[in-house]
Amino acid sequence: MTPVSIALLLSAALFAIGAAGVLIRRNLLVVLMSLELMLNGANLAFAAFARMRGDSWGHVGVIVGLSVAAAEAAVGLGIILACHRHLNSVDADRFNQLRG
Amino acid sequence: MASRHPIRSALWLVLSLTASAVCYLLLSASFAAAAQVVVYVGAIVVLVTFAIMLLKLKGDALDRRGRAPVAVAVGIGAGLLAALASAMKAVPATGTAAEGFGTVKEMGRTLMGPALLPFELTSLLLVAAMVAAVVLGRKKEA
């Protein structure tokens, strides 16, 4: 096993754990954290393929992925705070109507 | 992910993100590792922790979980593993990295040269996210 394939396996595992968290947990905060984990897995795959090909475009992908994760965290937490103010809960199953 | 309380999940998230920063270092991506530590561990986890503490979670809201989606999640993970394995066969491994690969200098050259467009799009995305976060976080005027 080369380091690259180990990193690829790790990224797949991170992505799978994040997907499981998104699917299983109903607390919005934990769902958001699992989403971060999935993005992180994708970033790790970017870095691994960049190392494999000796190409810095993969690192550009990592940087873009990091910014997407940061933006997603900011907006997602804003939405969660607004929802909590509205319904006093962070349970995903309770947000089942579009209009307030 | 398996922890019951979100703050424990956040602390585990810190651990796993730091570990993957170390993986970036092992993949000779030092700039990406530094950005990972600063952005994820420094910013995102702090935001998450603040949100958890602001929300004052009640005991019953902590968590419920189902059984059925576990199979779906395991399926997704297995499929992804298979796809990545076949991709590894498709891409030829070039072996050792070039001199200075992944350093800040090299990254700056790439970001300011051929990769200028994604870089600028990223800054646009960050501005949009900042505005959206401010608008969402504002208390509603009656």
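In which helix of chain B does Ile7(B) lie? Ile7(B) belongs to helix 1 of chain B. In this predicted model, Ile7(B) is partly exposed, having 14 other C-beta atoms within 10 Å. Apart from residues up to four places away in sequence, Ile7(B) touches Thr49(B) and Ile52(B). Its C-alpha atom is separated by 9.9 Å from that of Ala51(B), a residue 44 places away along the chain.

## Confidence of the prediction

The predictor assigns the complex an ipTM of 0.77 and a pTM of 0.77. For chain A the mean pLDDT is 80, with 94% of the residues reaching 70 or more. Within chain A, helix 1 has the lowest confidence, at a mean of 79, and helix 2 the highest, at 85. Chain B averages a pLDDT of 73, and 70% of its residues score at least 70. Within chain B, confidence is lowest in helix 4, at a mean of 70, and highest in helix 1, at 83. Where pLDDT is low, the predicted coordinates should not be read in detail.

## Helices of chain A

Two helices of chain A can be checked against the span expected from their number of residues. Helix 2 of chain A covers residues 28-53. At 1.5 Å a residue, its 26 residues should span 38 Å, and the end C-alpha atoms are indeed 38 Å apart. Helix 3 of chain A has 31 residues, for which the expected span is 45 Å; its end C-alpha atoms are 44 Å apart, which agrees.

| Helix of chain A | Residues in helix | Expected span | End C-alpha separation |
|---|---|---|---|
| Helix 2 | 26 residues | 38 Å | 38 Å |
| Helix 3 | 31 residues | 45 Å | 44 Å |

Each of these helices is followed by a residue with positive phi: Gly54(A), near 65 degrees, comes after helix 2, and Asn88(A), near 60 degrees, comes after helix 3.

Of the 26 residues of helix 2 of chain A, 22 are buried, so this helix is largely enclosed by the rest of the structure. Asn40(A) lies in helix 2 of chain A. Asn40(A) counts as buried because 26 other C-beta atoms lie within 10 Å, and the threshold for a buried residue is 20 or more. Leaving out residues up to four places away in sequence, Asn40(A) touches Leu14(A), Leu17(B) and Ser20(B). The C-alpha atoms of Asn40(A) and Leu66(A) are 7.9 Å apart, although 26 residues separate them along the chain.

Arg25(A) is placed in the loop between helix 1 and helix 2 of chain A. Arg25(A) is also buried, with 25 C-beta neighbours inside 10 Å. Between the C-alpha atoms of Arg25(A) and Asp91(A), 66 residues apart along the chain, the separation is 9.3 Å.

## Chain B and its contact with chain A

Chain B contains five helices and zero strands, following the pattern α-α-α-α-α along the sequence. Buried residues account for 21% of its 142 residues. Among contacts in chain B between residues at least 6 apart in sequence, 59% join residues at least 24 apart.

The contact between the chains takes 61 residues from chain A and 65 residues from chain B. On the chain B side, at least two residues each come from helix 1 (6-26), helix 2 (30-55), helix 3 (69-90), helix 4 (104-112) and helix 5 (116-137). Helix 2 of chain B supplies the largest share of this side, 13 residues. By class, the side of chain B that touches chain A has 49 nonpolar, twelve polar and four charged residues.

## The largest nonpolar core

In soluble globular proteins, nonpolar side chains tend to be buried together. The largest nonpolar core here has 60 residues, of which Leu29(A), Ala47(A), Ala48(A), Ala29(B) and Val48(B) touch the most other members. Two or more residues are given to this core by each of helix 1 (3-24), helix 2 and helix 3 (57-87) of chain A, and by helix 1, helix 2 and helix 5 of chain B. Helix 2 of chain A gives the most, with 16 residues. Domain 1 (1-65) and domain 2 (99-142) of chain B both give residues to this core, so the core lies between them.

Leu29(A) is in contact with residues of both chains: Ile80(A) and Val90(A), together with Pro6(B), Val48(B), Ala51(B) and Ile52(B), leaving aside neighbours within four places in sequence.

Key. Residues numbered from 1 in each chain as written. Chains lettered and ligands numbered in written order. Helix = DSSP H or I, 4+ residues; strand = E, 2+ residues; numbered from the N terminus. Expected span 1.5 Å × (residues − 1). Buried ≥ 20, exposed ≤ 12 C-beta atoms within 10 Å, placed from the backbone. Contact = placed C-beta atoms within 7 Å. Nonpolar A, V, L, I, M, F, W, Y, C, P; charged D, E, K, R; others polar. Core = buried A, V, L, I, M, F, W, Y, C linked by C-beta atoms within 7 Å. Domains from an automatic or database assignment. pLDDT = per-residue confidence, 0-100.
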